[in-house]
Amino acid sequence: ASCTNTPGSFYCACPPGMEGSGFDCQDVNECEQNSSLTHNCSAKALCLNTNGSYICQCQDGYHGDGFVCEDVDECQLNATCGSNMTCSNTPGSYMCSCILDLVYNKGTCVSEDTCLNASSSCHPLAECHPYQGSFYCQCTDGYEGSGTDCWDVDECDASHGEVCPAFSHCFNTNGSYICDCWPGFEDNGTHCQDMDECVTGNFTCPDNSTCTNIEGSYECTCDPGFSGNQSLCLDVDECSLGLIQCPNFSSCLNTVGSFVCNCWEGYQGNNTGCEDIDECLDNSTCPEHSTCVNTNGSYLCPCDAGFSRDNDFLLCLYTVNIGFKLIITHQLFHFSNGLTVL
Ligand SMILES: [Ca+2]
Ligand SMILES: [Ca+2]
Ligand SMILES: [Ca+2]
Ligand SMILES: [Ca+2]
C-alpha cells in the first residue's frame with residue numbers, strides 16, 4: 001500500500017488492482033463478472049487474474065494482444081485441410097468439407113460410398129455395393145438370396161453333381177461343397193483318376209491268379225489251368241471235364257494247373273501223337289526159339305516149329321518124348337516139372 005501524508009495525519013491507499021483499508025489490501029479478481037474493477041480483455045480473449053492485475057489471452061482461432069483479438073483465417077494456411085477438401089473459414093475456427101461427389105471417411109475424402117451406413121441393411125453373408133447413389137446387397141459366393149436374406153447354395157443338387165469331376169461324390173457344405181473321389185479313384189489335383197491297384201500293390205488276389213486293373217477297382221483273373229472266383233482259384237480237371245482230346249493211344253492225366261497225355265503202354269510219343277513201339281527192333285525182346293511179331297501196342301513171340309510155350313509163357317521149349325520138356329537159355333535150364341537146375 002502507499003502512504004500519503006496529510007496535515008496532521010496520513011492515510012494509506014491500496015495499489016491499483018487491490019482493495020482494502022490501506023492497512024490491509026487484497027487482490028481484486030478483475031476477471032470475475034461482478035468484480036468492482038472491470039477488465040479490458042477482448043470478447044474473444046480469456047481473462048486470467050494475477051496478483052494485483054490480470055492478463056488477456058486470445059482464444060484459440062484468434063490472434064492479437066488479448067485486448068484486440070482477430071479471427072485467424074486458417075484457410076490461408078497451407079495443408080489445413082486434406083486433399084479433395086474445401087476449407088471454409090469461420091469466426092474462431094474453420095471447416096473442411098469434401099468436394100462434390102466425395103464423402104468423408106476416416107480422415108479422407110473418398111468416393112461416395114452409400115454402403116458406409118447401410119451395411120447393416122444387408123445380411124451378414126451379403127456384401128453391400130454402392131449403386132447410383134444408393135446401394136444393393138448381394139449374397140457372397142456360395143450363398144443365394146435377396147441380399148437381405150441369404151442361404152447356402154446346394155451346389156451338388158443344383159448341378160446334379162456335375163460341379164464335381166467324374167468319378168467323385170459331391171457333398172454340400174455351408175457356403176461351399178466338397179468333391180470326394182469314389183473308392184478306387186484318387187485325386188490328382190484336377191480330377192479323379194483310376195488307381196492301378198496292381199501296380200501299387202494295394203490288392204488281394206488268391207493263389208494261382210493274376211491282378212488285372214480295371215476302372216475303379218481291380219480283378220483277379222485265374223491263371224490258365226485254374227478256375228474260380230475273386231477269392232479262390234482251383235485246378236481245372238481238364239480230363240474229367242472232357243476239355244482235352246488226347247491223341248490216339250494215350251490217356252489224359254490231370255495235373256495241377258495243367259494236364260498231360262500219357263501214351264499207353266506199348267506206345268511212345270512223337271511230335272504228333274502216340275505210335276506203337278516196335279519191340280521187335282530189340283533182339284532180346286523174345287526168347288530164343290521164337291520169332292518176334294510186332295503188334296499195335298504189343299508184340300508176339302510165337303515159338304518156332306518144334307518148340308512150345310512153357311507154363312509161364314516165357315520160354316519156348318523143345319518138345320521131346322521123354323516125358324519132360326527142356327529148353328536151354330543163356331541163363332537157366334528150365335524144366336517144365338518145376339525143377340530148376342544150374
Ligand atoms: Ca453349399
Ligand atoms: Ca483300378
Ligand atoms: Ca489240371
Ligand atoms: Ca508193338
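Here are some short exercises with worked solutions on this predicted model.

**Exercise 1. Work out how spread out the protein is, starting from its radius of gyration.**

Solution. Begin with the secondary structure: the protein has 2 helices and 35 strands. Next, take the radius of gyration, which is 66 Å, and set it beside the 20 Å that the globule rule gives for 342 residues. The value is well over the rule, so the protein is more spread out than a compact globule. Now turn to the C-alpha trace, which spans about 220 × 55 × 35 Å along its principal axes. Two further figures complete the picture. Of the 342 residues, 13% count as buried. Among contacts with a separation of 6 or more, 18% join residues that are 24 or more positions apart.

**Exercise 2. Find how the chain is divided, and describe the contact of domain 2 with domain 3.**

Solution. Start with the division into domain 1 (1–72), domain 2 (236–277) and domain 3 (278–342). The contact takes 6 residues from domain 2 and 5 residues from domain 3. Then sort the domain 2 side by class: 4 nonpolar, 1 polar and 1 charged residues touch domain 3.

For another view, go to the UniProt record, an unreviewed entry. It lists "domain: EGF-like" for residues 1–26, 27–70, 71–110, 111–149, 152–193, 194–234, 235–275 and 276–317. Take two of these spans in the model. Residues 1–26 are 0% helix and 58% strand, with end C-alpha atoms 10 Å apart. Residues 152–193 are 10% helix and 43% strand, and their end C-alpha atoms lie 30 Å apart.

**Exercise 3. Identify the residues of the largest nonpolar core and the element that gives the most to it.**

Solution. The largest nonpolar core has 8 residues: Cys122, Leu125, Ala126, Cys128, Phe135, Cys137, Cys139 and Cys150. Look next at the elements behind this core: β13 (126–131) and β14 (134–139) each give two or more residues. Of the elements, β14 gives the most, with 3 residues. Another core, of 6 residues, lies apart from this one and includes Ala45, Cys56, Tyr62 and Cys69.

To see the surroundings of one core member, pick Cys137. Leaving aside neighbours within four places in sequence, Cys137 is in contact with Ser121, Cys122, His123, Ala126, Cys128, Gly147 and Thr148.

**Exercise 4. Place His39 in the fold and decide whether this residue is buried, partly exposed or exposed.**

Solution. Locate His39 in the loop between β4 (25–27) and β5 (45–50). Count the C-beta atoms around it: 19 others lie within 10 Å. Being buried takes 20 or more and being exposed takes 12 or fewer, so His39 is partly exposed. Then list its contacts beyond four places in sequence, which are Glu30, Cys31, Cys47 and Tyr54. Finally, check a distance: His39 and Asn49 are 10 residues apart in sequence and 9.5 Å apart in space, C-alpha to C-alpha.

**Exercise 5. Describe the phi angles and the settings of Asn84 and Asn208.**

Solution. Recall first that most residues other than glycine have a negative phi. Asn84 has a positive phi of about 65 degrees although it is not a glycine. Asn208 also has a positive phi, near 60 degrees.

Now place each residue. Asn84 sits in the loop between β8 (69–71) and β9 (85–90), and Asn208 in the loop between α2 (197–200) and β21 (209–214). Last, count neighbours: Asn84 has 16 other C-beta atoms within 10 Å and is partly exposed. Asn208 has 19 and is partly exposed too.

Terms used. Residues are numbered from 1 along each chain as its sequence is written. Chains are lettered from A and ligands numbered from 1 in the order in which they are written. This is a predicted model: local features need pLDDT of at least 70, side-chain atom pairs count only at pLDDT 80 or more; totals for chains, interfaces and linings use all residues. Domain bounds come from an automatic or database domain assignment. Two residues are in contact if their C-beta atoms, placed from the backbone, lie within 7 Å. Ala, Val, Leu, Ile, Met, Phe, Trp, Tyr, Cys and Pro count as nonpolar, Asp, Glu, Lys and Arg as charged, and the others, Gly among them, as polar. Helices (H or I, at least four residues) and strands (E, at least two) are DSSP runs, numbered from the N terminus. The radius of gyration is taken over C-alpha atoms; the globule rule is 2.2 Å times the number of residues to the power 0.38. UniProt positions are given in the numbering used here, feature names are shortened, and annotations may be inferred rather than shown by experiment. A nonpolar core is a set of buried Ala, Val, Leu, Ile, Met, Phe, Trp, Tyr and Cys residues joined through C-beta atoms within 7 Å.
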